[in-house]
Amino acid sequence: MRVKDLMTKTVFICAAEDPVIVVAKKMMDQDVGMLVVVDDNLSKKPIGVISDRDVLNRVLLKKLDPAKMTAEEIATKKIVSISETATINEATALMKKNKIKKLVVLDDLDDLKGILSQSDVVKQFISISEQLADLSASL
């Protein structure tokens, strides 16, 4: 099975110049814990990621003004990404190696295609387990 088969294709993004207050509102409105930061809203080239923890730890707990800081200033710049054609085994190994729960999925041109999370993989595993149980019960 390939990453493209399990990844979430709807990816919420923010532009590098977006104020953190706008980023936080977008996370709240979309009910997501992470946004991919891109050069600008027309671009699909990721330059970083921002999690809700980043907003909390890098802005709010330091009592900085989220209206005066940009997404680029607080983003984690080291993006751990994977090709959409990689296998799920490769993806889970990369998650384990980097101790992360989500991977940014890119195509051959390094354009943003999706997000693969541990929960995406677990849901598929549960689905396969249920199908095997059904198959065993019918034999």
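Q: Two strands count as paired if DSSP finds at least two bridges between them; what makes S2 and S3 a pair, and in which sense do they pair?
A: S2 and S3 are joined by five bridges, which satisfies the requirement of at least two. The sense of their pairing is antiparallel, and Val38 has Pro46 in S3 as its bridge partner. The model is predicted: local features need pLDDT of at least 70, side-chain atom pairs count only at pLDDT 80 or more, and totals for chains, interfaces and linings use all residues. Residues are numbered from 1 along each chain as its sequence is written, and side-chain values use heavy atoms, with hydrogens and water left out.

Q: Why are strands S1 and S3 called edge strands of the sheet?
A: The sheet is open, its three strands lie in the order S1-S2-S3, and the pairing is mixed. Strand S1 (13-15) and strand S3 (46-51) each have a single partner strand, so one side of each lacks a neighbour in the sheet. Strands here are DSSP runs of E with at least two residues, helices are runs of H or I with at least four, and numbering starts at the N terminus.

Q: What makes H2 a helix that packs on this sheet?
A: H2 touches S1, S2 and S3, where contact means heavy atoms within 4.5 Å. The direction of H2 makes about 135 degrees with that of S2, on a scale from 0 to 180 degrees between N-to-C directions of lines fitted to C-alpha atoms (for helices, over the stretch in contact).

Q: How do you know that H2 and H3 meet, and which residues are involved?
A: Val20, Ala24 and Met27 in H2 meet Asp52, Val55 and Val59 in H3. The two helices pack at an angle of about 145 degrees, with axes 10 Å apart.

Q: Why is Asp54 called buried?
A: Buried means under 20% relative accessible area, exposed over 50%, and partly exposed in between (1.4 Å probe, protein chains only). Asp54 has a relative accessible area of 10%, so it is classed as buried. Asp54 lies in helix H3 and touches Val49, Val59, Ile74 and Thr76, leaving aside residues up to four places away in sequence.

Q: What makes a set of residues a nonpolar core, and which members of the largest one touch the most others?
A: The members must be buried Ala, Val, Leu, Ile, Met, Phe, Trp, Tyr or Cys residues, joined through side-chain atoms within 4.5 Å. In the largest core, with 14 residues, Cys14, Val23, Val37, Ile50 and Ile74 touch the most other members. Helix H2 (20-30), strand S2 (34-38), helix H3 (52-60) and helix H4 (71-74) each supply at least two residues, and H2 gives the most, with three. A second, separate core has 13 residues, including Ala91, Met95, Leu103 and Leu116.

Q: How do you know which residues of helix H5 share one side?
A: The buried residues of H5 (88-98) are Ile88, Ala91 and Met95. They cover an arc of only 60 degrees around the axis, which places them on the same side of H5; the arc is that of the directions from the helix axis to the C-beta atoms. An α-helix has 3.6 residues a turn, so residues three or four places apart point the same way. Asn89, Lys96 and Lys97 are exposed on the other side of H5. Among the elements covering the buried residues of H5 are helix H1 (3-6), strand S5 (102-106) and helix H6 (118-138).
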